[in-house]
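Let's look together at how two protein chains can sit against each other. Keep the picture open while you read, and try to find each place as it comes up.

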Number of protein chains: 2
Amino acid sequence: MKGNNLRIKDIGEFALIERLVEVLGPAGRGAGQGVIRGIGDDAAVLQNNPGTRLLASCDMLVEGIHFDLSYFTPRQLGWKALVANLSDIAAMGGRPRWALVSLGLKPEMKVSFVEEIYAGIAELAGKFGVTIVGGDTCSSPERLVIDICILGEAYRAEVAYRSGAHEGDLILVTGKLGAAAAGLAYLREGGKAAIDGAEELRQAHLKPVPRVKEAAILIHSGMVGAMNDISDGLASELHEIVQASGCGARIWTERLPISQATALMAAHTGVNPLDWALYGGEDYELLLTISGEKGSPLKARKLGRTLAKATGTPLNFIGRILPLSGTVEMVRPDGEIEPLLPEGYNHFKE
Amino acid sequence: MKGNNLRIKDIGEFALIERLVEVLGPAGRGAGQGVIRGIGDDAAVLQNNPGTRLLASCDMLVEGIHFDLSYFTPRQLGWKALVANLSDIAAMGGRPRWALVSLGLKPEMKVSFVEEIYAGIAELAGKFGVTIVGGDTCSSPERLVIDICILGEAYRAEVAYRSGAHEGDLILVTGKLGAAAAGLAYLREGGKAAIDGAEELRQAHLKPVPRVKEAAILIHSGMVGAMNDISDGLASELHEIVQASGCGARIWTERLPISQATALMAAHTGVNPLDWALYGGEDYELLLTISGEKGSPLKARKLGRTLAKATGTPLNFIGRILPLSGTVEMVRPDGEIEPLLPEGYNHFKE
């Protein structure tokens, strides 16, 4: 990119926006993606598919709180900023379509740095057919702030609410748990620990892939009851499902899918890997329930095979929905039952 | 409100969100407003009206850049944070429907302060039938950040693009210009200047009313070509219309509607009131063009009377669209013609 030493304050807001639109390329035009008018008017003008519900969610990231520029490249940061949004739409059973990106920027930042953030956003957006249709840029002197609003759509019968769990349902989870927390520990330590699979952990924290394709396959099976994405840790997300559905849940800790690399990093750090799996945030896996009628474990295994074949992502049966309202229990390998508290990342709490 | 000395860090994110939802009341539930599921799942689930286009826009405000807490109460701030959004939807010829509110908050802030921001948002949202359907809260240690994403809808034939101006069109503007800038000057001076109409200026800066009703009346007349809201000053907005439409424009400075209070405050401050009218931002009036065919000045006057009767808001004819691409001129009272440059608020530029 030209003018590598240009600062934002040298070119101002309007020239910056022009350059960012250029960086977006096709991800900013959205030909054939229901974009009647994208960036460049008072508001974007969009056309959603008839018969669909509109899905909307937003997610704000603040430098030093959600990310650390000492180990995120701006391109990774752009990618990651959009992940939580796509994951939210996936968790509703929907298809992400359009995003609006608000940036609070330090005036002395390099233009090329912001362009790289946008390149990361465009990379992930392009992967899932999402068009950036608007946004805002303004000055934020101390910290970089990124707030992305995502719009998606889902057919009415396919929306997966977190209130859709019923007594007896099986509880399933995609992928592996705790890897993002293990990756964060690895990066915070300087990224030098000699751990087998360290790259997998780094990627889990820096460049997770939202489970958009997996969610579509799961939803189309017609078996999904409740679904959440795991952004704040399994314990917290399971409590949300249980509260919204008016039921309880029991999980077996030995069933939780934890990768070898996560286990190794946990041993290296002196942490119980279960804590990362239960309370570590940002895994962006899907937590879902499917009907617990007769033969359903068999159906769950079949669904798992279908999912793995299509996407490479495993699906694991980790627990059951109980009738007892609000109670979440975990069963230890020795059979001991303990309450699982809704801990996880909570902003503001010290 | 209870617990007036509670700090955000005392109660954490989840309890804060619960309290904010309570503050929103009906503005957070949206019964009958196309809200299938509002706050409380991974994404809001919405139903727009068949045959409409979806409109989406967002606007980020940063403490010390866009607003100063020394003269904004938190309730006024909440109101104002939503104004720019509603104004954007109005300027597209649309009806604002749903909003998502992202807040970057200082952990030591009082909970009651954030509740008041939300009360201000709810007040304005309620006035225009807007439901708050989602958002995010996170920690922003130095500065309060508010980013609101607005969703609206408009019937396909009624969307007003800024590219809709044609040679010969009349240029019209609602309300008065420069009052928000005059109000800012008044507040910055300490709010003590003995100016007739000072309260009008204060309100213009602190609690402007977006021209949602006015836009609907104008759009339904079928006469609107291009439309923009004046957030960055008339000069900048007119340049946007002219650029998008591939034409030029001429305005007569003596036709610009400037209130007596603005003129008085300008004299008091030693500023040319025309500068506030042309380059002062945040007036949130509408700038529009209507077809310039024979008899159109008469039609414009009739439209103005209809608008004033229904809303009390004046409509003024201030200029004409010219064929010369990209050129914007202003005619001084003595007949002298000068280029009008696209100045206005530009973030980052020093």
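What follows is a short tour of the contact between the chains, and then of the salt bridges. Please keep in mind that this is a predicted model.

**How the two copies are related**

Start with the overall arrangement. A rotation of 180° with 0.0 Å of shift along its axis lays chain B over chain A, and the RMSD is 0.0 Å. That is the relation of a two-fold axis. The same surface serves both copies, since 100% of the contact residues of chain B recur in chain A.

**The contact in figures**

Now turn to the place where the chains touch. Here are some values for the interface of chain B and chain A:

| Feature of the interface | Value |
|---|---|
| Residues in contact | 69 residues from chain B, 69 residues from chain A |
| Buried area | about 5,800 Å² |
| Salt bridges | 6 salt bridges |
| Polar contacts (both residues at pLDDT 80 or more) | 23 residue pairs |

Which strand gives the largest share of the side of chain B that touches chain A? It is strand β3 (residues 52-62) of chain B, with 10 residues. That side of chain B divides into 34 nonpolar, 17 polar and 18 charged residues. Of the area buried between the chains, 57% is on carbon and sulfur atoms.

**Strands that meet across the chains**

Next, find strand β3 (residues 52-62) of chain A. This strand runs antiparallel to strand β2 (residues 44-46) of chain B, and 3 bridges join the two. Look for A:Leu55 here, as B:Val45 in β2(B) stands opposite.

**Salt bridges between and within chains**

Over all chains, the whole structure has 36 salt bridges. One that crosses the interface pairs the side chains of A:Asp42 and B:Arg162, at 3.0 Å from N to O. Another lies within chain A: A:Arg19 and A:Glu115 form a salt bridge whose closest N and O atoms are 2.8 Å apart. A:Arg19 belongs to helix α1 (residues 8-24) of chain A and A:Glu115 to helix α3 (residues 111-127) of chain A, so this pair ties together parts that are 96 residues apart in sequence.

How values were computed
Residues are numbered from 1 along each chain as its sequence is written. Chains are lettered from A and ligands numbered from 1 in the order in which they are written. This is a predicted model: local features need pLDDT of at least 70, side-chain atom pairs count only at pLDDT 80 or more; totals for chains, interfaces and linings use all residues. Side-chain values use heavy atoms; hydrogens and water are left out. Contact means heavy atoms within 4.5 Å. Buried area is the accessible area (1.4 Å probe) that two parts lose on being put together, summed over both. A salt bridge is a side-chain nitrogen of Lys or Arg within 4 Å of a carboxyl oxygen of Asp or Glu. A polar contact is a pair of N or O atoms within 3.5 Å; within protein, one must be able to donate a hydrogen and the other to accept it, and residues adjacent in sequence count only if both atoms are side-chain atoms. Helices (H or I, at least four residues) and strands (E, at least two) are DSSP runs, numbered from the N terminus. Ala, Val, Leu, Ile, Met, Phe, Trp, Tyr, Cys and Pro count as nonpolar, Asp, Glu, Lys and Arg as charged, and the others, Gly among them, as polar. Two strands pair if DSSP finds at least two bridges between them. Copies are superposed by least squares on the C-alpha atoms of residues with pLDDT of at least 70 in both.
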